[in-house]
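Hi,

Here is the structure I said I would pass on. Have a look at it first, and my notes are underneath.

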Number of protein chains: 2
Amino acid sequence: MKLYTFWRSIATFRVRMAMNMKGLKPEVEFVDLLKGHQLSSDYSKVNPQKLLPSLVLDDGGPPLFQSMAIMEYLEETHPQPPLLPKDARGRARVRGLSQICVSDAHPLSVPRIRNYLTKNLKLSEEQMLEWVRHWQKEALGTLETLLSGDKSTGRFCHGDQITIADICLVGQAVGSSFFQVDVSAYPTVARIVEATQKNEAIARAHPLKQEGAPAAVSH
Amino acid sequence: MKLYTFWRSIATFRVRMAMNMKGLKPEVEFVDLLKGHQLSSDYSKVNPQKLLPSLVLDDGGPPLFQSMAIMEYLEETHPQPPLLPKDARGRARVRGLSQICVSDAHPLSVPRIRNYLTKNLKLSEEQMLEWVRHWQKEALGTLETLLSGDKSTGRFCHGDQITIADICLVGQAVGSSFFQVDVSAYPTVARIVEATQKNEAIARAHPLKQEGAPAAVSH
């Protein structure tokens, strides 16, 4: 397998965590999002949406795209250790928590959105950052309410095993930290993120531990 | 089961299509998004994110949330007719196409975003509509490329059976039409949307056929 990746991409970070958890070691190819390399004609042939990640399988077929779809694929083809609960209701909860991060928070802070706000709409850098932080906080507040108010929450988002929800939550928290959003204001979220990041496979996937990453991110 | 619904909600439209396809007839409760009823304390107890849809099961547990998570739940608990292909690669493709609509296009045009653009950022109505149309067209262009360039595309997005990808594509197209985006510029998308909407269960779920809907939508 070959994973198209970049240190800063939160969606790719999710897939990297899932692959590490399952002991998979893909070949990697870097696509520098900050230099716009995702817009190159070479990469747009791999992924017409010009977004990361893309996962090329060894069967010669078209690349897989979209982090949630890729994680579900990995779960189906490499079931150990499981990253979804066994019961349908539990899986619905894990997928629902995941989608809050994947659909309702993260897409509002990606480079194409930040560029549109500052370049097309001529908003100031401060207005753009306020926008990003607003939607990050909205999602974190919802996640805190859902996690703190449900007895299915355990050491992790759903019980005491790491699931796709924890992967998405860690992605959310790391992404928020890049914009100086203080996750400690959301104590259940912060507790679960800390517990999840103690796992070596998760820790090793961190954006700032990847090739090309800076020591820290101001935004 | 009880589905919290509103004619205009595209995410709820997806769930309504899936439930109709599977012959499920939930009790329904209306939440008027245009009047802000989703922000009421009663509804925020059902769904702390204050978004539609929510699906209450008969087991007395917490409501399910997020349309993709709900559709996966319905697929697992009511497998006939199947709305996902049998093979893992096919499922990954269907889920990937779905997520382009669910994660990368739709969240950029929902009421909370439109309100933030016009109220918080003081953009004009025209700038807000331009924003919405820009991201709708981005997604439609990607979907056209992916659907027209892959031999797995058939009468529908993936082969000749309706899947969750077709449900999401119809939601995408109907949502785009509310903002006067011309889907006919994307011929493969338009062809599949038309074919899918010939299905009675899909047609019956259309936003403009629901209680409270107007005869047409200008945006």
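Below is what I found, going from the pairing of the chains to the domains and then to one helix.

Before anything else, please keep in mind that this is a predicted model.

**How the chains pair**

Chain B can be superposed on chain A by a rotation of 180° with 0.0 Å of shift along the axis, and the RMSD is 0.0 Å. That is the relation of a two-fold axis. If you want a spot to look down the axis, try B:Ser103: of the residues of chain B, its C-alpha comes closest to the rotation axis, at 2.0 Å.

The contact involves 34 residues of chain B and 34 residues of chain A. On chain B, strand 4 (64-65), helix 3 (67-77), helix 4 (88-105) and helix 6 (125-148) each put in at least two residues. Helix 4 of chain B has the largest share of that side, 11 residues. By residue type, the side of chain B that touches chain A splits into 17 nonpolar, 10 polar and 7 charged.

Which surface does each copy use? 100% of the interface residues of chain B are also interface residues in chain A, so the copies meet through the same surface.

**Domains in chain A**

Chain A divides into domain 1 (2-79) and domain 2 (88-203), and their centres, taken over C-alpha atoms, are 20 Å apart. Where they touch, 12 residues of domain 1 are in contact with 14 residues of domain 2. On the domain 1 side, helix 1 (10-21) and helix 3 (67-77) of chain A each supply at least two residues, with helix 1 of chain A giving the most, 8 residues. That side of domain 1 consists of 9 nonpolar, 2 polar and 1 charged residues.

**Helix 1, seen in chain B**

I took a longer look at helix 1 of chain B. This helix (residues 10-21) has 12 residues and reaches 17 Å from its first C-alpha to its last, close to the 16 Å expected at 1.5 Å a residue. Of those 12 residues, 11 are buried, so the helix is largely enclosed by the rest of the structure. Among the buried ones are B:Phe13, B:Met17 and B:Met21, and also two arginines, B:Arg14 and B:Arg16.

What do the buried residues of helix 1 of chain B pack against? Their partners are strand 1 (2-5), strand 3 (54-56), helix 3, helix 7 (164-177) and helix 9 (200-203) of chain B. After the helix comes B:Gly23, with a positive phi near 70°.

Cheers

Notes
Residues numbered from 1 in each chain as written. Chains lettered and ligands numbered in written order. Predicted model: local features only at pLDDT ≥ 70, side-chain atom pairs only at ≥ 80, totals over all residues. Contact = placed C-beta atoms within 7 Å. Helix = DSSP H or I, 4+ residues; strand = E, 2+ residues; numbered from the N terminus. Nonpolar A, V, L, I, M, F, W, Y, C, P; charged D, E, K, R; others polar. Domains from an automatic or database assignment. Least-squares fit on C-alpha atoms with pLDDT ≥ 70 in both. Expected span 1.5 Å × (residues − 1). Buried ≥ 20, exposed ≤ 12 C-beta atoms within 10 Å, placed from the backbone.
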